[in-house]
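Welcome! Take a moment to look over the sequence and the structure below. A short guided tour follows.

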Amino acid sequence: MNKIFTFIAAVFALASCSTSKQIEPINLVGKWAIVNAMGMSTEGCERQAFIEFNDEGRMNGNATVNNFFGSYVLKADQLSFSNIGTTMMMGPTMDIEQSITKVLDGSVTVRAKGDSLYFLNSDKETIMTLKKE
C-alpha cells in the first residue's frame with residue numbers, strides 16, 4: 001500500500017511540474033515601432049508611431065500626430081500604464097492616434113516573439129503589435 005501511495009504522489013508531482021508554464025522575462029527597454037493598434041495599421045502615416053521604454057519605469061512615444069509620455073509597470077507578462085500625458089494637436093490620422101492611446105489606457109498582457117511584442121486585451125486578443133527598432 002505504501003508503494004502505491006508513493007507512486008501516486010510521484011505521478012502528481014511530475015504532472016504538476018509539466019503543467020506549470022514558465023513565462024520568459026520580457027525586456028521592454030528600448031524603442032519599439034507601433035505596427036498596428038486595435039486593427040489599424042500605422043503604415044504610411046506622416047510620423048512613425050513608436051513607444052520607448054526606459055529601465056526606470058518611464059515611457060514616451062508618438063501616436064502618429066501627438067507625443068505621449070507616462071509610467072509603466074511590468075510584472076511577469078502584465079503591463080500597466082499610468083500617468084499618461086499627451087500633446088494636443090490635430091492631424092490627419094486621429095483615428096489611428098485614438099486607437100493607440102486607447103491601448104495605453106490601462107493594462108495589457110504582453111507576449112514576445114523574436115523582435116516583436118504583442119499586447120493582448122483581457123480576452124487574449126492582440127490589440128497592438130510592436131517591432132523592435
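Two strands pair if DSSP finds at least two bridges between them. With that in mind, look at strand β8 (residues 116–120) and β9: five bridges join them, and the two run antiparallel. One of the contacts across this pair sets F119 opposite its bridge partner in β9, M128. Please keep in mind that this is a predicted model.

**The overall plan**

The protein chain has two helices and nine strands. Read from the N terminus on, its elements follow the order α-β-β-β-β-β-β-α-β-β-β. Of its 133 residues, 37% count as buried. The chain exposes about 8500 Å², and carbon and sulfur atoms supply 56% of that area. Among contacts with a separation of 6 or more, 46% come from residues 24 or more positions apart.

**Around strand β9**

How many residues lie between β8 and β9 in their hairpin? There are five, and K124 in the turn has a positive phi of about 65°. Strand β9 (residues 126–132) also pairs with strand β1 (residues 30–37), in the antiparallel sense and over five bridges. Here A33 stands opposite K131 in β9. Strand β9 therefore pairs with β8 and with β1.

A good residue to visit next is L117, which lies in strand β8. Is L117 buried or exposed? At 1% relative accessibility, L117 counts as buried. Leaving aside residues up to four places away in sequence, L117 touches I26, L28, W32, V110, R111, A112, M128, T129 and L130. Among these, M128 is the residue already met as the bridge partner of F119. L117 and A33 are 84 residues apart in sequence, yet their C-alpha atoms are 9.9 Å apart in space.

**Charged pairs**

Side chains of opposite charge can pair when their charged atoms come close. The structure holds three salt bridges, listed here with their N to O distances.

| Salt bridge | N to O distance |
|---|---|
| E133 and K31 | 3.7 Å |
| R111 and D77 | 2.5 Å |
| K131 and D115 | 2.9 Å |

Begin with the salt bridge of E133 and K31. E133 lies in the segment after β9 and K31 in strand β1, so the pair ties together parts that are 102 residues apart in sequence. K31 has a relative accessible area of 32% and is partly exposed.

Next comes the salt bridge between R111 and D77. This pair links distant parts of the chain, with R111 in strand β7 (residues 107–113) and D77 in the loop between β5 (67–75) and β6 (78–86), 34 residues apart. Which of the words buried or partly exposed fits D77? D77 counts as buried, at 10% relative accessibility, whereas R111 is partly exposed, with a relative accessible area of 33%. R111 is also one of the residues that L117 touches.

The remaining salt bridge joins K131 and D115. K131 lies in strand β9 and D115 in the loop between β7 and β8, so the pair ties together parts that are 16 residues apart in sequence. K131 is partly exposed at a relative accessible area of 38%, and D115 counts as partly exposed at 36%. K131 brings the tour back to β9, where this residue stands opposite A33.

Technical notes. Residues are numbered from 1 along each chain as its sequence is written. This is a predicted model: local features need pLDDT of at least 70, side-chain atom pairs count only at pLDDT 80 or more; totals for chains, interfaces and linings use all residues. Side-chain values use heavy atoms; hydrogens and water are left out. Helices (H or I, at least four residues) and strands (E, at least two) are DSSP runs, numbered from the N terminus. A salt bridge is a side-chain nitrogen of Lys or Arg within 4 Å of a carboxyl oxygen of Asp or Glu. Buried means under 20% relative accessible area, exposed over 50%, partly exposed in between (1.4 Å probe, protein chains only). Contact means heavy atoms within 4.5 Å. Accessible areas come from the Shrake-Rupley method with a 1.4 Å probe; for residues, only the protein chains shown count as cover.
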